[in-house]
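Got the model open? Let's walk through it with some questions and answers.

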Amino acid sequence: MSMEASELQDLSDDADYAASQQQGSASMMRSDSGKRSSPSEHDDAELIYLKDNVAIHPTQFASERISGRLKLTKQDSVLFLSWIPYKGQTSNAKLSEKDRSLYTITAVPFTEVRSIRRHTPTLGWQYVIVVLSSGLAFPPLYFYNGGVREFLAIVKQHVFLARSSEDPNVFIVNDFQSPLQRTLSSLELPSSLPVASGQSVYPLDGGSSNENQGRTSADIGNRVSSVIQSGLRKHKSHDPTRDLSIHLLEKFSLVTKFARDTTTQLFSENNGFGSVDKRWNNLPVHSYPEKLSNIAEEKHNEIRHSYSENDLLKDEEISNDIDVPADPLEFNKLSLVWGKPRQPPMGHKEFTALLDSEGRVVESKALRERVFYGGIEHQLRREVWPFLLGYYAYDSTYAEREYLRSVKRMEYATLKQQWQSISPEQAKRFTKYRERKGLIDKDVVRTDRAFEYYEGDDNLHVNSMRDILLTYSFYNFDLGYCQGMSDYLSPILFVMEDESESFWCFVALMERLGPNFNRDQNGMHTQLFALSKLVELLDTPLHNYFKQNDCLNYFFCFRWILIQFKREFEYEKTMQLWEVMWTHYLSEHFHLYVCVAVLKRCRSKIMGEQMDFDTLLKFINELSGHIDLDSTVRDAEALCICAGENGAASIPPGTPPSLPLDDGTLYPQEDDVL
């Protein structure tokens, strides 16, 4: 979590802190402190613990925190947890009282709590994540003034609390011998869920999202949707933390309500961008779709397009009579006006023409534009991908690139030697190394093994993938290895066909996408939040439908964003999409417009069939292998151009794959166990 040193040492000028002191002092001195004060709680509950100045961070910005009071109460031998945000003074005008109330945790019984994960860094704020028996998790609760150990000690006095054998920072509550099976299994991410510490296993051996699925609901206070897959093969281990670690991040996204309107002023702020069209100036947010539709209508009447609507991906027919709100952008027409058809892939001769005599790219924008609209012939990808990923500088010469490869090859060998030199005796005393190596060994033998390049026993490419990932875990020890990284590395190794070159290209990619795997999930949260704002801008009726059906967190798009549509397309199509997105030609966040494009193409089916969260999650998963790439990219291009500066203003600074803001704490997620 990014923070200034002054924030760690002095909170006396903080409005939230002042409010906590005024409210907290009074409550702690009350003669009836043994009673709970919340009107939604019972009057005869005994107050066991109270901690002021405990905060939730709805966004990546420390200034937008929501401070409140954490309480433990007890009634009829049952311990309850509550967190109530402060009322009155606020340190941030963007956060209204309504925004704050969305995060309230009201009297959750510990009978429904599965585990508590603690994070107590040497420098920075301590926090805990409370995970429920359903597998869902509340957002991290940050203890500004410390006190995590005291909190856990109080909890342990009243409920059975046991440290997990898999992770010393996870404490299992109550019946910790039962396996945690009630999960959002239909997400089907058996080899892509991020776990920084490395304690996890796959929920399935490559199962299908269509196999043996059922749905249920878990009612824990407020309704939280969950999808249960029946008939799952059970794990050999019955430690629930193995299930917890594999699902922690996805479930956390579901219940934080992160996509709620916590930063509504994003649309009204210009953020320094120039105007794309003067007709957009000074319009309220909900006027944009109508205005955009008018622009599309004008352009459609003016421009004679050369391809027919039959080429586009059509909305699926629906069999009921539900009145579906019209698309405010007249999407088919919009794509015809602004979305350009795909071109043949760029070949070697065309690429060479873009270089000067010494090998410099004369105009990087021209190269990126060409790749964006046509992609790259496979034989040429090995030369072009390092430019797109940032490993090669566009102004580098042939000689400079050759020298870079030589230097980086030696550097890679040195890094690799760090773990290769670990003796068996050292490994016995190096828990983190053993955990990460074990997880990598499991992952690489499950990654793209049906693809010819990686199939068969004792495959040398699989061994190279393992070595690269283990070396990266030493290169970036803070982030380490996370499930899903092998999905990113696989196509890179296939294209580069060199271990050192693949490693450095992977390093460059992780500079942008590494935040996807942070334990605190800020990288994923900012992207889901930005997606919600883009849908609100580009299809307000669809956004309102999601809001009315408890889908506003956009968590059903989690897999799309986490591994950049790797599971939605076949191998070659995935590489085509990735190189389009890596150009950053129209936007660094083009993948979010791809998400919007797919949702808009399915809007009639989603709203016509009145899908709730569970049904929508299943439906999105089943789209895998059924999305037309070319028309989707064309749709996304049209949406990106249409959104213009207002779309850019909807995306918080530093949102992946933008390069992270340099605060010296890119991956603040490893715990020092004391």
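**Cavities, strands and salt bridges**

In this predicted model, the largest cavity holds about 120 Å³ of space.

Q: Which residues that line the largest cavity are the closest to its centre?
A: The lining of this cavity is made up of 14 residues. Pick out the ones closest to the centre and you get Leu509, Arg512, Trp582, His584 and Pro657.

Q: Which helix gives the largest share of the lining of the largest cavity?
A: Helix 10 (378–389), helix 16 (499–513), helix 20 (571–582) and helix 21 each put at least two residues into that lining. The largest share is four residues, and the helix behind it is helix 16.

Q: How many residues of the lining of the largest cavity are nonpolar?
A: Sort the lining by type and you find two charged residues and three polar ones. The nonpolar group numbers nine.

Q: What is the bridge partner of serine 115 in strand 6?
A: Strand 5 (residues 113–119) and strand 6 (residues 126–132) run antiparallel, with six bridges joining them. Look across from serine 115 into strand 6, and the partner is valine 131.

Q: Which residue in strand 9 does serine 115 stand opposite?
A: Strand 5 also pairs with strand 9 (residues 170–173), again antiparallel, through three bridges. Over in strand 9, the residue opposite serine 115 is isoleucine 172.

Q: How many residues of strand 5 are buried?
A: Strand 5 covers residues 113–119 and is mostly covered. Out of its seven residues, the buried count is seven.

Q: Is lysine 432 buried or partly exposed?
A: Side chains of opposite charge can pair when their charged atoms come close. Lysine 432 does this with glutamate 435, in a salt bridge of 3.9 Å, N to O. The two residues both sit in helix 13 (residues 431–444), three residues apart, about one turn of the helix. Because its relative accessibility is 22%, lysine 432 counts as partly exposed.

Q: In the salt bridge between arginine 466 and aspartate 467, what is the N to O distance?
A: Arginine 466 has 27% relative accessibility, so it counts as partly exposed. Aspartate 467 has a relative accessible area of 9%, so this one is buried. Their side chains meet at an N to O distance of 2.9 Å.

Q: Which residues are linked with Arg466 and Asp467 in a network of salt bridges?
A: The structure holds 27 salt bridges. Some of them link up into a network, and Arg466 and Asp467 belong to one. Joining them there are Lys416 and Glu499.

Q: How many residues apart are aspartate 539 and lysine 600?
A: The side chains of aspartate 539 and lysine 600 meet in a salt bridge, 3.1 Å from N to O. This pair links distant parts of the chain: aspartate 539 is in the loop between helix 17 (522–538) and helix 18 (540–548), while lysine 600 is in helix 21 (residues 590–601). The separation along the chain is 61 residues.

Q: Is lysine 600 buried or exposed?
A: Its partner aspartate 539 has 0% relative accessibility, so aspartate 539 counts as buried. Lysine 600 has a relative accessible area of 1%, so lysine 600 is buried.

Q: Which residue with a positive phi follows helix 18?
A: Helix 18 has its own buried residues, Thr540, Leu542, His543, Tyr545 and Phe546. After the helix comes a residue with phi near 55°, and that residue is aspartate 550.

Methods:
Residues numbered from 1 in each chain as written. Predicted model: local features only at pLDDT ≥ 70, side-chain atom pairs only at ≥ 80, totals over all residues. Heavy atoms only, no water. Buried < 20%, exposed > 50% of the residue type's maximum accessible area, 1.4 Å probe, protein only. Pairing = 2+ DSSP bridges. Salt bridge = Lys/Arg side-chain N within 4 Å of Asp/Glu carboxyl O. 1 Å grid on protein atoms, 1.4 Å probe; cavity = no way out; pocket = protein on both sides within 12 Å on 5 of 7 lines; lining within 4 Å. Points joined across faces, edges and corners; volume = space filled by probe spheres on them. Nonpolar A, V, L, I, M, F, W, Y, C, P; charged D, E, K, R; others polar.
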